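Here is a friendly walk through a structure, starting with how far to trust it and ending at its core. Have the view open as you read.

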Amino acid sequence: MGTYILRRLVLMIPVAFLVTVIVFTLVRLTPGDPVLTYAGEERDPATLDELRREYGLDQPLPVQYVSWITHALRGDLGRSLRTRQPVTEAIVERLPATLQLGLTALAISVTIGVLVGTLSALHRNSPLDLLATGFTLAGVSLPNFFLGLILILVFSLAWRFLPPGGYTALTSDPLDNLEHLILPAITLATASLAVNMRQVRSSLLEVLSQEYMRTARAKGLRERVLVVRHAMKNALIPVVTIVGLQVGAIIEGAVITEQIFFWPGVGKLVVDSIAGRDYPVVQGVVMLSAFSFMLATLVVDVLYGVLDPRISYSRKSS
Amino acid sequence: MRAFLRRNPRILVGGSLVTFLVAMAVFAPWIAPYDPTLVDPQIALEPPGGAHLFGTDDLGRDVLSRVIWGARISLSVGVIAVGIGFTIGVGLGLAAGYLGGAFDLIAMRAIDALLAFPALILAISITAALGPQIQNAMIAIGVVAIPLYTRLTRGQVLSVRERDYVTAARTVGARPLRIVLRHIFPNVTNALVVQATLSIAFAILAEASLSFLGLGAQPPTPTWGGDVNYSQRWLSNLMWWMSVGPGLAIFLAVFAFNFLGDALRDALDPRLRRAA
């Protein structure tokens, strides 16, 4: 197992390098001169040149890349062109809001997904199963910005029992924080709930049709023991994979939801920064999202081996 | 064909929905009751009913006509983006799988790097970098789709490359390109058709998200995502119809392709069939 993790980490190096090159290149492709964004009303060529020098924008691209990456490795992602705040600081400040929203949504989608998915598989073609199947079909097709706006329309504007957006830190007013959290969390949870419910249902159905389940039933095990001990244990392995990747994709999910609900997290930061051509911030958030996604993939692969003893990593596998 | 559809009624349902959407896009100029960009302050903000079935927006433009014309953007982005991802992805997958060696190694690391990005973040970054235009949104969504096709194709090539009939073709002197196109590619087509259908659903959703963020086709071009974004300011006055029309259209289009894709998978690709 140790060797496997090590090999995966080594394989990650060229990929991580390519990821940084992609991020760097993408941001440099952006039309418009970032210095003009920062300089505001200032149009004096000498001052602009000085700013370019200050940000190293007068250097050839490979030099800029090396300087950027060496700083990045030390946790220095540069400063925001708009606010001059260090990028790392800007991200760290907003990360708690994003994590709170993302993890709440995930908790909702995993709990309900496992519960309803299981019931749905155990009572196939029952009204609940049909309802759940319909929901899984609709849930993945519903754009989250539309769902969010409908929720705001119904629960905030028409019935007025939840705020339409905004944020209060959990530490300053927990109740107010919760009130603001409900709608965005439901919005963010819906798509992953549909995916999780479907996965739980289908992998449980598959396990239930296996020979060893018949053996267990023939032994006279009670249905509850049968389902919980034998079936669920195996059926949840693929679910772990999906949920793991969903954890890695929290920032991605937050992009649009945070925008709609004025939730001051990393997702809103990146959208605002794209509009303001704030390269260093965009770069920082995109890097963070890519690396957390890569890390999640690695963790999921390792977990898979731990959870499923049939999978062995000692053989050479790709 | 008829028997095939009778055995798989879901394909018929999904296919009809998709056909309906395509017809809406193709015949938009003839079926839209009004010009989608015609501004008429006299009839601004009319609720649904009467002469304007889906109501009008704050500039007096007919929401239904904008929804119908919006299908053109959504579907063409969906199809072209998937076309880009499909062509590059499949080509790369065939080459990597068949050639192997250094080419395979480098190509697959590049694919891994693309896969390291969450899809929507990558699409947003590429579109933002190239500039907020419809063509750039197509390119961005196409690039995001490449890895899926490359992996699918390469895996299939690896599994059939050493089969007897491929060796036989090689022995009788068939050139590599011919072997790949005539003997290997046909093995992947079913899986690719399924994947392409599902990718169109993803592409439509991604285009809607990009337009919602102002990164797609620019106003006054009618786009579903852009119109939902534009009209959300009127929600606080409980004027919901401007958002609901295009929002439901996105849902319907994504649903149609997802539904068709699932049905096709169950019918064409038994290996991928989920227990259902």
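Confidence is a good place to begin, since this is a predicted model. Within chain A, the element with the lowest mean pLDDT is helix α2 (residues 34-39) of chain A, at 68, while helix α5 (residues 87-122) of chain A has the highest, at 96. Over the whole of chain A the average pLDDT is 88, and 95% of the residues score at least 70. As a reminder, predicted coordinates should not be read in detail where pLDDT is low.

**The two chains**

Chain A has 13 helices and zero strands. Chain B comes to 12 helices and zero strands. The table sets out some overall values for each chain.

| Chain | Helices and strands | C-alpha box along the principal axes | Buried residues |
|---|---|---|---|
| Chain A | 13 helices, zero strands | roughly 85 × 60 × 35 Å | 39% of 318 residues |
| Chain B | 12 helices, zero strands | roughly 75 × 50 × 35 Å | 48% of 276 residues |

Contacts within the chains often link residues distant in sequence. In chain A, 72% of the contacts with a separation of 6 or more are between residues 24 or more positions apart. For chain B, 71% of the contacts between residues at least 6 apart in sequence join residues at least 24 apart.

**Where the chains meet**

How many residues of chain A are in contact with chain B? There are 38 residues of chain A, and they touch 38 residues of chain B. On the chain A side, at least two residues each come from α1 (2-29), α6 (127-139), α7 (144-158), α8 (174-208), α11 (250-261), α12 (266-275) and α13 (279-307) of chain A. Of these, α1(A) gives the most, with eight residues. By residue type, the side of chain A that touches chain B divides into 31 nonpolar, five polar and two charged residues.

**The nonpolar core**

Now look inside. The largest nonpolar core has 159 residues, and those with the most contacts inside it are Ala116(B), Ala123(B), Ile124(B), Ile141(B), Ala145(B), Ala203(B) and Ile204(B). Helix α4 (residues 63-99) of chain B contributes the largest share of this core, 18 residues. Domain 1 (20-73) and domain 2 (99-307) of chain A both give residues to this core, so it lies between them.

Ile141(B) is a handy residue to centre the view on. Leaving aside residues up to four places away in sequence, Ile141(B) touches Val77(B), Ala81(B), Ala123(B), Ala203(B), Ala206(B) and Glu207(B).

Methods
Residues are numbered from 1 along each chain as its sequence is written. Chains are lettered from A and ligands numbered from 1 in the order in which they are written. This is a predicted model: local features need pLDDT of at least 70, side-chain atom pairs count only at pLDDT 80 or more; totals for chains, interfaces and linings use all residues. pLDDT is the predictor's confidence in each residue, from 0 to 100. Helices (H or I, at least four residues) and strands (E, at least two) are DSSP runs, numbered from the N terminus. A nonpolar core is a set of buried Ala, Val, Leu, Ile, Met, Phe, Trp, Tyr and Cys residues joined through C-beta atoms within 7 Å. A residue is buried if 20 or more other C-beta atoms lie within 10 Å of its own, exposed if 12 or fewer, and partly exposed in between; C-beta atoms are placed from the backbone. Domain bounds come from an automatic or database domain assignment. Two residues are in contact if their C-beta atoms, placed from the backbone, lie within 7 Å. Ala, Val, Leu, Ile, Met, Phe, Trp, Tyr, Cys and Pro count as nonpolar, Asp, Glu, Lys and Arg as charged, and the others, Gly among them, as polar.
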